[in-house]
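Me: I would like to go through this model step by step, with each answer reasoned from the structure itself. Please look at the sequence and coordinates before we begin.

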Amino acid sequence: MIPNIGLIRWGISHTSKQEEANFHDTLVHYQGNTGNAYTTIIQQTITDGVMLPDTWYTVHFWARGAGDQNSVGHFTMYFYANGSDQRYSDTDGVDFGKGSTDTHADITLTPAFKHFVITFHTPKNFSGGHTFWIRNDPEDNAGTLYCDVWHPKLELGQHATDFSVAPADMATVTALSSIEQTVNGIQNTVSNPTNGLVAKQTLLANQYTSVIGGLSNENLIPYSGYWENLNGWMLMAWGATDRNLNLTHHNFYHNGTDTTLVLGTTQHDTAAAGSIRFSVKPNTKYTFSFSGFASSNVIGTNVYFLCRQYGSTKDYDTVHGLFNNLVMSPSGINRYTTTFTTGQNDNEGYIRLDNIGSSNGASSGAYFAELKLELGTVATPYTRNSSTEMIQTASEINMRVTKNGVVNAVNVSPEGIQIYGNKLHITSSTYIDNAIIKSAMIDTITADKITAGTLNGNNVNVINLNASHITTGTLSGSNLQINLNTGVVAFRKGRIHNSSNTIDINIDSGYMSVANNNARVIMKEGEIQLVEPTLFDNETSPYLKISNAGGGAALFSAGGSFIGRDYAVITNSANWLGAFDAPIGVEEFSGLATGKSSGGWGPTKVAGAERGVVISGGMETTFHGGTDSSPHISIGTTNTMGNTFAGNRIAIWADYVHIYSAYDRTTSASPNVFVAQDGALVRSTSASKYKTNIVRGRSVDYGEKLIQLPTATWIDKASLQRYNDDPSQPMPGLNYGMIAEDLAAAGLEHLIVRNEKGGLEGIQYDRIAVALLPLLSKWKQTIDNQEQEINELKEKVGNI
């Protein structure tokens, strides 16, 4: 409803028009510092009578901008619809906090284009012309404002729809009719830009032509929009395992009234769909355009035109990348356009749409609408109008109807009648007196209906033949020979495959393959590979490759390699689940797993489920600990020998077990090896170079307390339990020492061992002697003093 968008009023010294290739359109660019003045960015007046009282309207536009030094930019939107019963609603970034006496709102800009929407209800006494005005007010910005404004639109209702120019701007006249008469003929033309239709009638001396169709160029893509079903589109049989193709209604497109084509997946993998094939001309410029948007977690979108030469059996010979890794907007629908030139052998092709995948594991969707491929370098508007054409001459009549690239036609000429199209439905009784049917689906036919004539083998394809009547000899052709006597079948060239290529033997290319929707197994050039289901050749990085070349010793001698692209597992059918990096509960996986998952590269895992794992190798052991065997590590054993399994122990069997890190890592505990609470083995030291905060003393407190404590004897519980469980174990004897609780009660904390929760575990017996040293020193001093006194007394007695 805002007229003359191309002639919209500009600020005198601060605004300019700019063309941007990304938007294929003109936008308003503003750069100015208001000071104490008010500066217009854009302004346009709606004439009297266009807007109605007591009615909801929506005004919206796209804008971006910033202030000085990338500060947040603002401008004010005036739409002069004030009244006592005024009601508003808005989107993020629109604020009515300045007041609404003259109906204006503060707009907060962002560096990227953002869609701003204001809905308002006109009062019952609303009348007259009204100005829509975007202005840089003094209070909006402290310094210079830089901004761009694009596609302003005013429309009825409370929903913002796709941009379109005002109907008054669509043509210089609302409709056109003309009659052109020359010496050669007469042509009548009637057009209506409002509905986009034109009708032409041309009368020549030898021909009459009547055409009704759209003003826009012909769209070559069948089933290109306004879908009612998925006819003409197919989900590709590769990519994400949860890939899906659907039709859906979304408010971004025609307020949800028409459907969009949506490709979805939750995985970090592609969901792709292709159209049916259609014809194109080689070495010709074409323009492709579509409308689209995507959820914010779509990694990107690819659009390809995949072409081939007529008669080619490949899916495609030429790839035209129309859009690569296109990130479509998650906040609104946009129109995207590109131009390309077909190759010299491009005769037919199809459009492929890719949702590259989800960035966060949540459901993602890439939405498409109004796809159009047309001749030339200019994108014309998409139209859903069909076209009809009738041509009549003295010798023939030709009638044709075209819609969405699908042509249905009838041609009547002296040579006969031709009917071709997408569907032919005959409801009445049909009689054919004399016919040649090249190909047909005939429900049933019996031999008694063939009553005369000769069946020529050059013209007849025999589908069912009784083989019992071919008893000997050789069936030979230029590329195939079948010897019925020896059973030898020899191929010189050719291919054996079904229509879906799930079974394929190609003599020319030298491969055999079978496939499903997820992968293809191909045998070629001495390798077995798992590749994408649409490939028919080896690739450099297949899902899986089995060959006689690879890493390790296979580089230098004959051998075999089993190589997975990202992940490889060797397991059995009973234990193939649960290949977690870290064990959880009782191990369920049995086998070897190596590679990376969606979380990145993981450790290589060797597991044996609940039954355990043995790593064994080397020469026979020589110590007399049991049956001689090679050194081995038994995980999940039930005994120290490591020869029975389904237990919860790890047994290491060898003449020596070397752990150099046990020597290299130190502690102040003694004796030399200390078993820490976490099971680590560390070397005990006493040199000052391994200690800090050293405090020397001669306190006899610990010694005096120690000599007051009792000693004890006992039987070890663990030894007794092992003996009770297995009488072949050594019978436990008496142990002599002290009880940790006695030392704790005496306050001798430095001589006991506690666990991480503070519970008592043991006594540091090596520290007891150290605790007694000050007391012994005191006693020695006492003894020395007494000895000196005794000697002195002896000397006195001797002198008496």
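**Sheet, core and one strand residue**

Me: In this predicted model, which strands stand at the edges of the open sheet of 5 strands?

Reply: The model is predicted, and its open sheet runs in the order β18-β19-β27-β22-β25 with antiparallel pairing. Two of these strands have a single partner strand each, so one side of each is left without a neighbour in the sheet. The twist from one strand to the next averages 35°. The edge strands are β18 (244–249) and β25 (334–341).

Me: Which residue in β27 does Leu 263 stand opposite?

Reply: Strand β19, residues 259–265, pairs with strand β27, residues 364–375, in the antiparallel sense over 5 bridges. Opposite Leu 263 in β27 stands Ala 366.

Me: How many residues has the largest nonpolar core?

Reply: Strands that each supply at least two residues of this core include β19, β22 (285–294), β25 and β27. Phe 288, one of the residues with the most contacts inside the core, touches Ile 351 and Leu 371, among others. Another core, lying apart, has 26 residues, among them Phe 75 and Cys 147. The largest nonpolar core has 30 residues.

Me: Does Leu 760 count as buried, partly exposed or exposed, and what is the relative accessibility behind that?

Reply: Leu 760 lies in strand β55 (residues 760–763) and touches residues including Ala 740, Ile 752 and Arg 754. Its C-alpha is 7.0 Å from that of Ala 740, although the two are 20 residues apart in sequence. Because buried requires under 20% and exposed over 50%, Leu 760 counts as partly exposed, at a relative accessibility of 28%.

Conventions
Residues numbered from 1 in each chain as written. Predicted model: local features only at pLDDT ≥ 70, side-chain atom pairs only at ≥ 80, totals over all residues. Heavy atoms only, no water. Pairing = 2+ DSSP bridges. Helix = DSSP H or I, 4+ residues; strand = E, 2+ residues; numbered from the N terminus. Axes fitted to C-alpha atoms, helices over the stretch in contact; angles between N-to-C directions. Buried < 20%, exposed > 50% of the residue type's maximum accessible area, 1.4 Å probe, protein only. Contact = heavy atoms within 4.5 Å. Core = buried A, V, L, I, M, F, W, Y, C linked by side-chain atoms within 4.5 Å. Lists of a residue's contacts leave out its neighbours within four places in sequence.
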